[in-house]
Amino acid sequence: MNITDLKEKPLWQMTGEEFLFLQQNAGQPTVQPPLKPDTSKKYVYGICGIAKLFGCSMPTANRIKQSGKIDKAITQIGRKIIVDAELAIELARRKTGGRR
């Protein structure tokens, strides 16, 4: 008898033996397969996607793109802009320039 199968089975369809088994073993956690981490890359598209990623306005997102700071994360084919979100955030965090 499998606990997960019994939990899905309606009570009125259980035998007395199944019901007692479920009662005795209800406190034990069911074994679930471990969740696989999501390794797929996250992409945002266009200036609007950059604005949502950084939480800024569209003109500011356009300035970020034009500055060249996140160029390694951007793939542009014609008018279509595809940005690797994780890489763009990592590149934006890096400090360059500043006061001396």
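## K69 and its surroundings

At 38% relative accessibility, K69 counts as partly exposed, since the partly exposed class runs between 20% and 50%. This is a predicted model, so keep that in mind for everything below. K69 sits in the loop between α4 and β2, the strand that covers 74-77.

Who does K69 touch? Setting aside neighbours within four places in sequence, K69 is in contact with I64, L91, A92, R94 and T96. Take A92 from that list: K69 and A92 are 23 residues apart along the chain, yet their C-alpha atoms are separated by 6.6 Å.

## The overall layout

Stepping back, the protein has five helices and three strands. Walk along the sequence and you get the pattern α-α-β-α-α-β-β-α. Of the 100 residues in the protein, 23% are buried.

The accessible surface comes to about 8,300 Å², and carbon and sulfur atoms account for 54% of that. As for contacts between residues at least 6 apart in sequence, 35% of them join residues at least 24 apart.

## The largest nonpolar core

Which residues make up the largest nonpolar core? There are twelve: V44, I47, I50, A51, A61, I70, A73, I74, I81, V83, A88 and L91. Three elements, α3 (46-54), β3 (80-84) and α5 (85-93), each supply at least two residues of this core. The most comes from α3, which gives three residues. As a general backdrop, nonpolar side chains in soluble globular proteins tend to be buried together.

A73 is one of the core members, and its contact list is worth a look. Not counting residues up to four places away in sequence, A73 touches I82, V83, D84, L87, A88 and L91. Among these contacts, V83, A88 and L91 are also listed in the core.

## Helix α5: two faces

On α5, the buried residues are A85, A88 and L91. They are on the same side of the helix, because they cover an arc of only 130° around the axis. What do these buried residues pack against? The partners are β1 (43-45), α3 and β3.

Turn to the face pointing away from that buried side and you find the exposed residues E86 and R93. E90 is in α5 too, and with a relative accessible area of 37% it is partly exposed. E90 and I70 are 20 residues apart in sequence, with 8.8 Å between them in space, C-alpha to C-alpha.

## How α3 meets α4

Packed helix pairs are described by the angle between their axes and the distance between the axes. For α3 and α4 (residues 58-67), the angle is about 100° and the axes are 8 Å apart. The two helices are therefore roughly perpendicular to each other, as an angle from 65 to 115 degrees counts that way.

Which residues meet where these helices pack? From α3 come I47, C48, I50, A51 and F54, and from α4 come M58, A61, N62, I64 and K65. Of these, I47, I50, A51 and A61 also appear in the largest nonpolar core.

Is P59, another residue of α4, buried or exposed? P59 is exposed, at 52% relative accessible area, because the exposed class begins over 50%. Computed along the sequence, P59 and C48 are eleven residues apart, and the gap in space is 9.6 Å, C-alpha to C-alpha.

## Helix α2: another two-sided helix

Over in α2 (residues 16-25), the buried residues are E18, L22 and N25. Their arc around the axis is only 80°, which puts them on the same side of α2. These buried residues pack against α1 (3-8).

Which exposed residues does the opposite face carry? On the side of α2 turned away from its buried residues, you'll find G16, E17, Q23 and Q24.

Terms used: Residues are numbered from 1 along each chain as its sequence is written. This is a predicted model: local features need pLDDT of at least 70, side-chain atom pairs count only at pLDDT 80 or more; totals for chains, interfaces and linings use all residues. Side-chain values use heavy atoms; hydrogens and water are left out. A nonpolar core is a set of buried Ala, Val, Leu, Ile, Met, Phe, Trp, Tyr and Cys residues joined through side-chain atoms within 4.5 Å. Buried means under 20% relative accessible area, exposed over 50%, partly exposed in between (1.4 Å probe, protein chains only). Helices (H or I, at least four residues) and strands (E, at least two) are DSSP runs, numbered from the N terminus. Contact means heavy atoms within 4.5 Å. The arc is that of the directions from the helix axis to the C-beta atoms. Accessible areas come from the Shrake-Rupley method with a 1.4 Å probe; for residues, only the protein chains shown count as cover. Axes are lines fitted to C-alpha atoms, for helices over the stretch in contact, and angles run from 0 to 180 degrees between N-to-C directions. Angles under 35 degrees count as roughly parallel, over 145 as roughly antiparallel, 65 to 115 as roughly perpendicular and the rest as oblique.
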